[in-house]
Amino acid sequence: MKRLLLAMVCLFAAMGQEAKKAAPAADPETQEVLRRINGLTPYEVPDLKLRTEQNYAHTSTDVEPFGSVKPYKEHFLVQMEYTGPGRAAPEPVGLKSVRIGFIGPIESTVSIATGGKSHEEVLGKMMLKGAQLAVEQANAKGGYLKGKIPFELAVANDNGLWGSTGNEVVKMAYENPVWAILGTIDSANSHIAIRVALKAEVVMINTGDTDPTFIETNIPWVARNIGDDRQQGYLLVDYMIRKMGYKRIGIIRSSNRYGRFGVREIKDSSRRLGHPVAIEMAYKVGGDDFSLQLDRIQEMNVDAIVHWGDARESALILNQMRARGMKQPYFCSDRSVSPEFEKAAGANAEGVICGYPWDPDRKDPKLDEFRKAFKARFQVDAETYAAHAYDGMNMLIWAVQQGGLNRAKIRDLIATRSKPWPGVTGAIPLSAVMDDAGEVFLARFGQGRWKYESRESLQIPRGFVPVRDRTSRGLETASR
Amino acid sequence: MKYLLAAAMLAACAAPAQTVGSGSKLPFVYTKWKQFTTENGLPNDHIFAVKSDGPRIWLGTENGLALIDKASGKVKSWTEKDGLPWRVVTGIDVDKKTGDVWLALFGGGLARFSGGRFEHWHQMNSGLVNDVAYGVAVENDNVWVATTAGASRYNTVTREWSVFTEKNAPMEEIWNYGVNYRDGKVHLAVWGSGVLEYDVATGRWKDYLDPDGEMEIDLYRDDGIVHVITTQANYIDKVLWVSTYFGVCRYDGRNWRGYYNKDSGNPSDFNNNLKARSGNEAWFATDKGVGAIMDAATNTWVAYTRDPKSKTGKAVVTRDKTVLETVEMGLNLTHNYILAIDVEDNDVFIATSKGLAWGVGDGYYGGLRERPKALASNGRASK
């Protein structure tokens with residue numbers, strides 16, 4: 001019996017050495033973070049060198065809200081801390097898998113957004129595939145390397161009903177716990193999910209919701225790795241107004257939260273640049289006839305039209321515009337960059353320009369490798385939701401590998417990463433609010449394909465981005 | 001000699017280390033504290049809700065309901081194996097008329113603890129709009145529940161349910177976070193929609209929003225709610241107190257006043273919750289300790305924090321941002337990450353993410369008074 005015990009001890013020790021050997025080497029910055037967060041008592045808060053910025057979201061002075069007034073307080077410039085006791089929680093033993101949550105729209109159901117059939121499954125299924133590939137690749141490399149435990153994706157459907165998202169995240173937090181969560185797409189559901197994540201203290205990374213307000217909540221447990229509608233809106237406005245000189249812009253959008261919040265920065269920026277949006281018309285998601293909205297927009301004699309909504313409606317609206325002789329340039333959100341749009345819009349797609357969170361034409365061996373692996377695994381091409389989910393899941397897996405099975409430490413490693421994450425979607429630098437502050441692009445459709453243009457390549461001018469925050473800015477930097 | 005030594009130690013532990021303006025009026029400072037953790041029998045240290053109910057203190061934890069008998073300090077608890085319908089309790093209120101204890105369950109809906117048994121309402125057996133409940137408040141015969149998908153109201157007499165969402169209330173968003181009832185008004189703190197006020201007599205709603213309408217700035221300090229991401233609202237003495245993750249504020253029916261860490265004694269702008277004791281005094285649950293505004297008229301605060309490296313704590317008295325006094329003491333808070341607060345009579349009850357701290361308010365007074373005699377005797381008494 002003693003020999004057996006001794007043999008078991010030796011075996012476990014050997015396994016420990018093996019695992020130690022296999023653990024990925026941390027870079028010096030990560031090692032320093034680990035030094036600061038490991039070994040703390042429940043009462044101590046590590047000094048993690050909070051990220052501090054002088055400008056929120058690369059906003060130029062001429063599109064800042066209430067630009068002529070020095071605000072009393074400017075938010076989102078200093079990174080939020082997590083000050084609770086979570087870092088002292090010991091790593092569990094005896095786990096059979098390291099569960100990471102996924103929540104996204106993957107099953108067809110009813111939807112709050114439409115009052116009928118849900119509509120985001122096509123996006124959610126690709127998001128799931130991207131996450132699955134990252135997990136499978138991590139398992140092929142040995143899983144959670146401190147114990148050679150496989151990662152397991154805990155999948156939940158986000159069915160578009162506001163309340164159910166909260167229920168699903170609660171289950172992930174308490175019933176069958178996960179170490180971190182990736183999701184979701186619908187901005188209303190995302191807000192619900194992060195409120196639960198905050199209370200339950202589990203990090204949530206978002207890879208598909210471009211609502212600017214998603215991260216404007218001061219929650220230290222939330223990150224996003226996709227360029228949001230604020231950044232895409234700024235670029236579109238700079239192109240339409242500063243470069244092309246359009247003075248009258250009309251907006252048609254879905255009457256859900258995605259449409260409502262998606263166009264906010266375009267509306268505000270246009271007004272602040274002296275060219276307020278001439279008309280904004282909303283439509284019910286799932287409809288086929290947009291004549292009412294287009295009648296009104298046509299009456300307003302606009303120079304350009306912006307659409308914010310899904311690919312299906314985007315193509316229908318464009319076709320109906322062109323059929324009635326409306327020749328205005330057509331600008332859209334990133335959801336129109338899809339085969340569904342191209343097929344439905346046909347020749348009308350020529351010249352359409354969309355905001356886009358990354359450059360898929362970028363020459364990058366990592367991206368090529370990802371595309372190849374994705375195609376081999378799922379027999380379909382990877383698109384934006386798959387690519388961002390792949391990056392997001394890899395960020396979580398990296399943080400788990402480095403920080404161990406401790407939700408607070410997983411959060412810390414993502415929050416404190418100062419170097420951009422080298423994703424297949426490009427470099428992902430997180431801002432103080434843990435939002436993707438990287439470059440966004442314009443996608444222009446021409447000759448049967450999308451071409452991705454940067455601000456630089458299109459020589460799109462931008463306003464003055466100040467070097468100091470608004471509340472401490474002097475007159476010398478607040479100039480117009 | 002022993003007594004002399006003890007007296008010296010007590011003086012060192014609970015003496016004002018720094019006093020500015022000797023003879024000036026100062027607020028009451030709690031120096032006598034009791035602590036309750038799992039070592040005392042709590043089912044879990046992570047305490048989301050606290051409710052003082054006369055001789056009892058009810059606690060909602062991440063893994064069960066607890067009851068502390070104030071007189072004996074004995075703890076009793078209930079977990080799922082004892083019939084609690086769901087492990088995570090995020091809100092508690094007590095019906096003064098019936099003695100029933102109402103529980104908001106985080107993912108489990110609503111429960112009533114009455115006569116030693118639990119009754120359970122959820123989406124599948126009632127009109128509760130969602131099972132992720134953040135708060136509960138008893139209003140006359142009604143029980144209000146703040147859920148992640150709207151507010152629900154249950155009439156305990158007629159057993160009728162009402163649901164309030166964007167369809168019948170001025171909720172730009174439906175993510176209810178806090179609920180409170182007092183003096184004929186129900187107040188909902190709604191994430192993204194500021195504070196909603198429901199007048200029980202008229203059945204009418206009123207909303208309080210951030211006037212600048214921007215997430216990234218607060219344009220003027222005193223123009224309204226400091227931010228629409230609100231976490232709690234308390235109405236008392238015709239004054240509305242509001243907590244947010246971006247600062248806190250007060251509305252007296254005519255004037256708003258915003259408070260930030262940069263212009264007040266509140267230790268942080270990240271406020272999980274609040275409890276108002278009067279129109280002049282309110283306690284805020286921040287992620288860096290407790291901030292108590294003890295005299296709104298003069299912006300005089302007391303901030304309580306625990307030393308992370310020792311079993312000591314301190315209270316810092318400030319006016320605006322000027323430190324008037326620092327009181328070093330023995331252990332006060334069980335942790336600096338505060339989730340909920342209650343006050344009753346002279347005492348305060350601080351729910352943290354690692355236990356409960358009970359501030360014993362012997363000699364408590366509201367507002368400001370001449371110091372420091374009462375403080376010194378309080379400090380010694382705590383030892």
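Here is a short walk through part of this structure, which is a predicted model.

Let's start with the sheet in chain A. Seven strands make up an open sheet, and if you step across it you meet them in the order β8-β7-β9-β10-β11-β14-β15, with mixed pairing. At the edges you'll find β8 (279-283) and β15 (449-453), and each has a single partner strand, so one side of each has no neighbour in the sheet. Going from one strand to the next, the twist averages 25 degrees.

Now zoom in on one pair of strands. β11 (residues 353-356) and β14 (residues 441-446) of chain A run antiparallel and are joined over 4 bridges. Look for Tyr356(A): its bridge partner in β14(A) is Phe441(A).

There's a helix to spot here too. Helix α9 (residues 291-299) of chain A lies across β7 (249-254), β8 and β9 (304-308), and runs at about 175 degrees to β8(A).

Next, follow the chain to the loop between β10 (330-332) and α11 (339-345) of chain A, where Ser336(A) sits. Is Ser336(A) buried or exposed? With a relative accessible area of 0%, Ser336(A) is buried. Its side chain makes a polar contact of 2.7 Å with that of Ser314(A). Beyond its close sequence neighbours (those within four places), the residues in contact with Ser336(A) include His307(A), Phe341(A), Cys354(A) and Trp450(A).

Finally, the cysteines. How many disulfides does the structure hold over all chains? The count is 0. Take Cys332(A): the nearest cysteine sulfur belongs to Cys354(A) and is 4.5 Å away, while a disulfide needs the two sulfurs within 2.5 Å. Cys332(A) is buried, at 0% relative accessible area. Over in chain B, Cys249(B) is buried as well, with a value of 0%.

How values were computed: Residues are numbered from 1 along each chain as its sequence is written. Chains are lettered from A and ligands numbered from 1 in the order in which they are written. This is a predicted model: local features need pLDDT of at least 70, side-chain atom pairs count only at pLDDT 80 or more; totals for chains, interfaces and linings use all residues. Side-chain values use heavy atoms; hydrogens and water are left out. Buried means under 20% relative accessible area, exposed over 50%, partly exposed in between (1.4 Å probe, protein chains only). Helices (H or I, at least four residues) and strands (E, at least two) are DSSP runs, numbered from the N terminus. A polar contact is a pair of N or O atoms within 3.5 Å; within protein, one must be able to donate a hydrogen and the other to accept it, and residues adjacent in sequence count only if both atoms are side-chain atoms. Contact means heavy atoms within 4.5 Å. Two strands pair if DSSP finds at least two bridges between them. Axes are lines fitted to C-alpha atoms, for helices over the stretch in contact, and angles run from 0 to 180 degrees between N-to-C directions.
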